[in-house]
Amino acid sequence: MTPGPENKRQHPRVPAVLKVEYADGRQARDVTENLSHSGLFVQTDQVFTLGDEVRLALSFPGLLDPVEVTGIVAWMRPAGVDQPGGVGVRVERAEDRRRLGDILSAAGPNSHAPHAEHEGYRVLIVEDNPHIIEMYSYVLKKLASGELHGKVPLEVHFAPDGHHALGMLREGRFSLVMTDLYMPVMDGFALVERIREEEALRAIPVIAISAGGKEAQDRALQLGVDIYLRKPVKFVEVLETVKQLLRIR
């Protein structure tokens, strides 16, 4: 079922990439695509029926502790070639809307206000495709210039494969790793496994980005990936989520 205008336009939607876990016992981990004060869209392969009540825990590793909200499945989007499927969840209870509003607060009119000093949030992106790196670099220039929602202490570094990434992780402090899964020398699966094995690194949150199917997703999550994103990924939305959560902190 496709969304109707009343579901899509009632409240402005803000792109946000948050981990989604289910309070009803489903052993699945999905991600949000956007949030509004009245609901959210969840990218998922799970089977739902219109009208189902869902209890969700929204979080982001290292920046946002789980926030629980309850909503109703209001519409569905089938998976396509260029986008994953998912469900639109309408949130009606005032308390749950307030919780969503707290997450969205950094995107409001005061988002450019000065914020408390922060030691800096360092992201390591592991990617071997030069065209994707060029795209990332373009976005990062806009982020660094403050064109996108103002400046916060966000620093991004690149590694071409898992081997180089491990060396960088051992030499410096990083707050988050975003890695492709299929790369030469050392792939993302091996990188995640090594990160989770080393005591000094195992607490670093990891986001995996891949064009692989369900098998790749299951393997990545079993190895300890915190969030799994399917390509094509709107890279800027991940970093904008980080920036918004840094402001809240």
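Which domains does the lining of the largest pocket draw at least three residues from? Keep that in mind while you set up the view.

**Before you start**

This is a predicted model, in which local features need pLDDT of at least 70, side-chain atom pairs count only at pLDDT 80 or more, and totals for chains, interfaces and linings use all residues. Residues are numbered from 1 along each chain as its sequence is written, and side-chain values use heavy atoms, with hydrogens and water left out.

**Stop 1: the whole chain**

Colour by pLDDT, the predictor's confidence in each residue, from 0 to 100. The chain averages 84, and 84% of its residues reach 70 or more. Confidence is lowest in helix α1 (residues 5–8), at a mean of 45. It peaks in helix α5 (residues 188–197), at 97. Select residues 1–8: pLDDT is below 50 there, and the stretch has 13 contacts in the model beyond near neighbours in sequence. A contact means heavy atoms within 4.5 Å. Now select residues 107–117, where pLDDT is also below 50 and eight such contacts appear. Where pLDDT is low, the predicted coordinates should not be read in detail.

Switch to cartoon. You should count seven helices and 12 strands. These are DSSP runs, numbered from the N terminus: helices are H or I with at least four residues, strands are E with at least two. Of the 249 residues, 50% are buried. Buried means under 20% relative accessible area, exposed over 50%, and partly exposed in between (1.4 Å probe, protein chains only). Among contacts with a separation of 6 or more, 64% join residues 24 or more positions apart.

**Stop 2: the largest pocket**

Select E33, Q43, P232, K234 and E237. Of the 19 lining residues, these are the closest to the pocket's centre. The space here is about 380 Å³. A pocket is an open set of points on a 1 Å grid over the protein atoms alone, where a 1.4 Å probe fits, with protein on both sides within 12 Å along at least five of seven lines; lining residues have an atom within 4 Å of a point. Points are joined across faces, edges and corners, and the volume is the space filled by probe spheres set on them.

Next, show β1 (14–15), β3 (29–36) and β12 (227–230). Each supplies at least two lining residues. Strand β3 gives the most, with four. Back to the opening question: domain 1 (18–107) and domain 2 (121–246) each contribute at least three residues to the lining. Those bounds come from an automatic or database domain assignment.

**Stop 3: the loop between β10 and α5**

Select V185, in the loop between β10 (176–180) and α5. Its phi is positive, about 70°, although it is not a glycine. Most residues other than glycine have a negative phi. V185 is exposed, at 69% relative accessible area.

Step to P184, in the same loop. P184 is partly exposed, at 45%. It touches D128 and D161, not counting residues up to four places away in sequence. Its C-alpha lies 8.4 Å from that of G162, 22 residues apart along the chain.

**Stop 4: two buried residues**

Select T179 in strand β10. T179 is buried, at 1% relative accessible area. Beyond four places in sequence, its contacts include V126, G188, L191 and V206.

Finish at Q217 in helix α6 (residues 214–223). Q217 is buried too, at 6%. Outside its neighbours within four places in sequence, Q217 contacts R29, D45, Y228 and R230.
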